[in-house]
Amino acid sequence: YYYRNTDMNKEEQLFNDICPYPDSMFHEKMEHLVKEPGFEHAVKWVLPQIDFQEFCKELLQVQDKETFQRKIMWPFLEMLAAKTTSGVTMDGVENIDCSKAYTFITNHRDIVLDTSFLNLCFLRAGLPTTEVAIGSNLLIYEWISDLVRLNKSFIVKRNLPRAKALEAASELSAYIHYAVSDRRQSVWIAEREGRSKDSSDLAQDSLIKMLGLAGEHDFHDNLMEINLMPVSISYEYDPNDYLKAREFLLKRRNPDFKKSQRDDLFSMETGLLQPKGRVHYTVGNTLTDELKELPNDLDKTSIARDVCQLIDCQIHSGFKIFPINYIAYDKLHDTDEFACHYNADDVVGFERYIDEQLAKVEDVPDLTADDMAYMQKMMLTMYANPLKNKMSASRYCRK
């Protein structure tokens, strides 16, 4: 899957089923997209006051992905941030060298907005935006696939038979190496498949093994060449918290429970449109120096394990901790260890928030008091875990 030659168009054709649409196809794909009833419905759902026909005319004047992100997505994301957050901020931007491309790897909180707000921070800072990995399971309709590929996303194929899964992993790895090493285009990928339901974020070694599949060298050097850079994402409130608590309950009742496509779509809508409080990104440092220091005799499994630990340490250390995280930790552990970080009003507000969120769980039959207590415990766990992991990182991670 990996290659080195000067015929970039030929190389891009190797990835034409997963890569972002080339600018040469942008107008054609946009013409098709604006005619899709599903796209019209989604735009009017998110922007109820919009003149859709005028909006389509504006879209059809755009000729490439960069212009689309700057003229269409940037104002939209600023509007969304103003409407649904108490501010989107970033630390560590000075760690990014504009002359280099990176593989940004983050914890995963929101299906849509993790990278949307990351790119918003990059746009504000005058930095290039990143291409985005998105699971094929989320591309429920063809128009969604078209939209994300017009917006610099590439596809991670999911739910494949074992043989096909290995082939898809090799293709994905090769594309990431091609984007970062050959095109000098940064990419983003979450540290694990799917969001961490309890907000205890841990990197998945299978992801690291995938990233090292492609390249011209051994596994260790293949990882070196794509400039892995951890980034922490902290949301004050997770709009999907009650949906995650509901899923925990349904899995407790039936271990074989699986979410439907409709569940995924509703999670996307909820995360997009509901309040999130403060949102903060902390850009870490590339793992280049740490990778250089790994012993030469490590096998692939050991390298992947060590890289996961390095990612976890940076991401956990970079979390921004809000008063509700301290409150949740103290409530969960029946202590007042962190009482100096919040006041009585904070506690009342957080308790009201938890009650209001759990009241939204209406479609689960025969809810008992025990069920409600279990979901409340899981929600406290979600908000306590970022603090718990940050404390662990401060004790065990190398400075």
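**Entry 1: strand S3 and its partners**

I began with strand S3, which is joined by two bridges to strand S5 (residues 187-190), the two running parallel. This is a predicted model, and I read everything below with that in mind. In the pairing of S3 with S5, I found Val-132 standing opposite Trp-188 of S5. I then turned to S4, which four bridges join to S3, again with the strands running parallel, and there I noted Gly-135 opposite Val-156 of S4.

Next I asked myself how many of the five residues of S3 (residues 131-135) are buried. Five of the five are, so I describe the strand as largely enclosed by the rest of the structure. I know that in a regular strand the side chains alternate between the two faces of the sheet. In S3, I see Glu-131, Ala-133 and Gly-135 pointing one way and Val-132 and Ile-134 pointing the other way, and all of them are buried.

**Entry 2: Glu-131**

I singled out Glu-131, which lies in strand S3, and asked whether it is buried or exposed. Its relative accessibility is 1%, and because buried means under 20%, Glu-131 counts as buried. I looked up what surrounds it, leaving aside neighbours within four places in sequence, and the contacts of Glu-131 include Lys-152 and Arg-183, as well as Pro-20, Phe-154 and Tyr-175. Val-187 and Trp-188 are also among the residues in contact with Glu-131, and I had already met Trp-188 as the residue of S5 opposite Val-132.

**Entry 3: the sheet as a whole**

I then stepped back to the sheet, which is open, has seven strands in the order S1-S7-S6-S2-S5-S3-S4, and shows mixed pairing. I asked which strands form its edges. They are strand S1 (85-91) and strand S4 (153-156), each of which pairs on one side only. The twist from one strand to the next averages 25°.

At the S1 edge, I found that S1 and strand S7 (residues 277-283) pair in the parallel sense over five bridges, with Thr-89 having His-280 of S7 as its bridge partner. Helix H5 packs on the sheet here, touching S1 and S7, and its direction makes about 120° with that of S1.

Further in, I examined strand S2 (residues 103-106), both faces of which are covered: Thr-103 and Ile-105 are buried on one side, and Phe-104 and Thr-106 are buried on the other. S2 pairs with S5 in the parallel sense over four bridges, and with strand S6 (residues 228-235) in the parallel sense, also over four bridges. I used Thr-103 to follow both pairings, since this residue stands opposite Val-187 in S5 and has Leu-228 as its bridge partner in S6.

**Entry 4: helix H3 and Val-34**

I moved to helix H3 (residues 37-46), whose buried residues are Phe-39, Val-43 and Val-46. Why do I say that they line one face of the helix? Seen down the axis of H3, these buried residues fall within an arc of 70°, so one face is what they line. This fits a general point, that an α-helix has 3.6 residues a turn, so residues three or four places apart point the same way. On the face of H3 turned away from the buried side, I found the exposed residues Pro-37, His-41 and Trp-45. Among the elements covering the buried residues of H3 are helix H2 (26-33), helix H4 (52-60), helix H5 (65-84), helix H7 (142-150) and helix H12 (261-273).

Val-34 sits in the loop between H2 and H3, and I recorded it as buried, with a relative accessible area of 12%. Not counting residues up to four places away in sequence, Val-34 touches Phe-39, Phe-52, Cys-56, Leu-59 and Leu-60.

**Entry 5: helices H15 and H17**

Last, I looked at helix H15 (residues 323-333) and helix H17 (residues 369-396), which pack at an angle of about 110° with their axes 7 Å apart. The two helices are therefore roughly perpendicular to each other. Among the residues making the contact, I picked out Tyr-326, Tyr-329 and Leu-332 of H15, and Leu-380, Tyr-383, Leu-387 and Met-391 of H17. I asked how the residues of this contact divide by character, and the division is eleven nonpolar, two polar and three charged.

How values were computed: Residues are numbered from 1 along each chain as its sequence is written. This is a predicted model: local features need pLDDT of at least 70, side-chain atom pairs count only at pLDDT 80 or more; totals for chains, interfaces and linings use all residues. Side-chain values use heavy atoms; hydrogens and water are left out. Axes are lines fitted to C-alpha atoms, for helices over the stretch in contact, and angles run from 0 to 180 degrees between N-to-C directions. Angles under 35 degrees count as roughly parallel, over 145 as roughly antiparallel, 65 to 115 as roughly perpendicular and the rest as oblique. Contact means heavy atoms within 4.5 Å. Ala, Val, Leu, Ile, Met, Phe, Trp, Tyr, Cys and Pro count as nonpolar, Asp, Glu, Lys and Arg as charged, and the others, Gly among them, as polar. Buried means under 20% relative accessible area, exposed over 50%, partly exposed in between (1.4 Å probe, protein chains only). The arc is that of the directions from the helix axis to the C-beta atoms. Two strands pair if DSSP finds at least two bridges between them.
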